[in-house]
Amino acid sequence: MVTDSIKTLCPYCGVGCGLEALPPAQMGQATHRDEQGKPSWKIRGNRAHPSSQGMVCVKGATIIESIDQDRLLHPMVRDSLDEPFRQTTWDDALDRIVNRIQTVRYRQGADALCLYGSGQFVTEDYYTAQKLFKGCLGTNNFDANSRLCMSSAVAGYLQSFGADGPPCCYDDLELTDCAFLIGTNTAECHPIIFNRLRKHHKANRQVKLIVVDPRRTSTAEAADLHLAIQPGTDIDLLNGIAHLLLQWGCVNYEFIDECTSGFPALAELVQHYPPSVVAQRCGISERDLETAARYWAQSKRTLSLWSMGVNQSTEGTAKVRSLINLHLLTGQIGKPGAGPFSLTGQPNAMGGREAGGLAHLLPGYRSVSNPQHRAEVEQFWGLPPGQISSEPGRTVWDMVTGLEKDEVGFLWIAATNPAVSMPDLERTKAALRRSPFTVYQEAYYPTETSAFAHVLLPATQWSEKSGTMTNSERRVTLCPAFQPRQGEVREDWAIFAEVGRRLGFTEQFAFRSSAEVYAEFVQLTKGRPCDMSGLSHERLSREGPLQWPCRDSGSTQPGEPARLYTDLRFHTPDRRARFGAYHSRGLAEPPDERYPYVLTTGRLYGHWHTQTRTGRTEKLRQMYPHPLLEVHPRDARALGVKDQDWLEVRSRRGVARFRVLVTKAIAPGTVFVPMHWGALWAEQAEANALTHAEACPDSQQPELKACAVQLVPVTAEQNKLALQEKPNHLAQIR
């Protein structure tokens with residue numbers, strides 16, 4: 001029996017907070033008990049973890065309560081979506097999968113095989129899946145739900161610096177003179193990061209906090225300057241700040257000359273963004289614009305933080321690069337307290353990027369389009385030359401359109417819930433219904449996506465599996481198993497490996513443990529920008545969390561800086577960072593006479609990932625008893641509605657209904673709805689029934705943050721009658 005506390009990591013957001021799990025035997029009279037009164041583990045913050053320093057939010061504190069709820073415990077199968085599931089053996093389920101893969105490869109080719117994974121995988125899961133699909137099966141059709149949250153940051157870093165990877169670390173939160181937060185409600189979505197920044201801000205009156213957000217969020221409430229810009233005007237704002245910095249001569253020409261390229265094009269472009277034009281487009285005052293630029297000009301250490309409000313856009317990559325431009329203009333990178341710092345959405349989206357977990361990537365920050373990269377991985381995996389395809393695989397939206405065209409014959413979904421999280425949701429669901437064979441690998445049942453599966457595979461989850469995760473500051477933490485597995489659940493990596501062996505790739509999948517998987521993976525990072533060749537399960541268990549780069553010749557200290565680019569040399573061919581000059585194009589779907597409002601979406605503090613886990617935690621459910629729609633008082637008066645009234649929200653793609661919350665926190669002409677309500681938790685309240693699938697041309701990340709809608713008041717009685725006429729989605733799922 002385990003008697004010592006277990007050091008682990010919170011499996012929610014990309015902050016990567018350290019947790020400590022205390023077993024029942026260690027707690028004596030203070031033993032924590034679950035809802036049935038049985039002794040259970042107690043979770044608290046790990047004070048020794050350098051990222052979170054003992055802090056923990058409500059989601060992490062209550063994580064243990066969801067582990068036993070509604071678990072998928074046995075493999076299940078059915079021949080069509082009209083039939084109920086029936087329990088089966090692992091052998092039967094795996095035989096069905098292997099036979100289907102072989103049939104599809106023979107009849108349609110490898111391009112008809114698709115796997116959609118998750119930023120909630122541990123790195124070992126990610127790596128094994130890449131090896132199976134991109135290596136052994138010869139298709140790059142592996143994408144992850146990181147496509148929906150972080151791919152614009154990946155593309156922006158790659159284009160500006162020559163490689164992915166946030167250059168900053170969390171210590172910069174307490175060292176900055178000016179924090180510039182854009183497109184992030186950090187207080188609710190990354191609360192422990194915000195706690196560290198807010199404490200520094202309060203203790204140092206000279207430190208400035210700028211928040212750019214159409215909503216007056218709890219993050220914006222703490223700001224010295226809140227810029228409530230119109231949705232879709234981020235690039236206008238960033239170019240306007242660059243215009244003023246150049247006009248005032250507040251740029252670092254020595255750094256620009258010696259360390260960058262592309263400056264003349266940017267200098268010419270931003271001349272078209274004078275304060276009068278930018279203020280009018282953004283819906284802010286010239287004074288506030290100049291104040292923001294002045295804060296940048298006066299700061300010696302400016303730290304920018306961003307998340308989904310920047311990334312989830314048809315201009316996502318351009319927004320990221322336009323923000324990085326400000327750091328390059330002022331030389332604010334590679335030093336304490338400064339730099340462009342993307343806040344990762346999921347607990348291991350960073351680890352997924354390192355392992356090649358998007359359709360255009362290979363392990364070790366390699367690209368499928370680079371012949372040398374492909375050859376290196378083929379040789380390492382013991383595969384013949386040319387085995388890895390040179391064509392980028394299908395993104396998750398390409399998988400949807402592939403199903404529509406009958407081009408996809410096998411779809412494997414693991415640890416994610418696209419029947420809630422994907423854009424243009426009714427179209428997505430219709431495509432999922434067309435799938436001739438869908439495998440769904442999940443810890444919980446039911447979920448909204450399980451309604452579209454032919455095979456259900458029960459997976460372990462946090463506390464039952466061992467693996468590594470990388471947080472936003474490139475810090476790798478080992479998450480050991482400390483609870484017994486339930487039913488017949490298996491680790492994700494082990495499921496992928498077993499399918500690989502049954503397909504005949506026995507040498508490639510001779511792993512006996514996740515530690516062996518990780519030991520192989522880190523060898524592929526040697527000499528790469530994300531070098532982790534010095535890491536292992538054993539070392540992480542012994543020394544605790546470590547940042548990369550961490551080469552096999554030693555630890556992160558001495559000689560391994562916590563920040564990237566401290567030598568001001570980048571991963572581009574000429575070792576210079578690159579400016580990117582972009583004009584603002586605005587929203588892909590701006591409001592018009594028929595759809596006069598802009599709908600924006602986001603997360604609430606207690607929600608996470610379509611509520612698959614948080615919806616099964618009673619305290620978190622009580623925080624948000626029903627969906628809501630934030631409406632400005634001016635718009636509420638025009639519509640004739642008040643608090644608790646109902647509004648029907650219509651877009652060109654779908655309809656949803658919400659109770660009204662009248663608040664000045666939202667700008668006139670804009671409405672806000674939380675994005676995590678799926679059919680399992682509420683009726684006709686799916687935000688993504690309204691959103692569109694238009695995406696950034698570089699990152700292929702959809703513009704989930706904004707679409708044009710119309711608002712129609714409905715009475716409570718009309719709403720009740722309308723819902724009665726709708727099919728019972730919850731009953732269908734269960």
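In this predicted model, the lining of the second largest cavity is made up of ten nonpolar, 14 polar and seven charged residues. The volume of this second largest cavity is about 460 Å³, and among its 31 lining residues those nearest the centre are Gly183, Gly309, Thr600, Thr601 and Lys705. Two elements, α13 (308-311) and β25 (597-602), each contribute at least two residues to the lining of the second largest cavity, with β25 giving the most, namely three residues.

In total, four cavities of 30 Å³ or more are found, and the largest of them encloses about 720 Å³ of space. The largest cavity is lined by 40 residues, of which Gln120, Asn145, Gln346, Trp608 and His609 are the closest to its centre, while the elements that give two or more residues to this lining are α18 (418-421) and β19. By class, the lining of the largest cavity comprises 17 nonpolar, 18 polar and five charged residues.

Strand β19 also belongs to an open sheet of seven strands, which has mixed pairing and follows the order β7-β6-β20-β19-β18-β8-β9. The edges of this sheet are formed by β7 (86-87) and β9 (142-144), each of which pairs on one side only. Within the sheet, β6 (residues 76-77) and β20 (residues 455-458) run antiparallel and are joined by two bridges, and Val77 has Val455 of β20 as its bridge partner. Helix α20 (residues 492-502) lies across β8 (113-117), β18 (410-414), β19 (438-442) and β20, and the direction of this helix makes an angle of about 155 degrees with β18.

Note on methods: Residues numbered from 1 in each chain as written. Predicted model: local features only at pLDDT ≥ 70, side-chain atom pairs only at ≥ 80, totals over all residues. Heavy atoms only, no water. Pairing = 2+ DSSP bridges. Helix = DSSP H or I, 4+ residues; strand = E, 2+ residues; numbered from the N terminus. Contact = heavy atoms within 4.5 Å. Axes fitted to C-alpha atoms, helices over the stretch in contact; angles between N-to-C directions. 1 Å grid on protein atoms, 1.4 Å probe; cavity = no way out; pocket = protein on both sides within 12 Å on 5 of 7 lines; lining within 4 Å. Points joined across faces, edges and corners; volume = space filled by probe spheres on them. Nonpolar A, V, L, I, M, F, W, Y, C, P; charged D, E, K, R; others polar.
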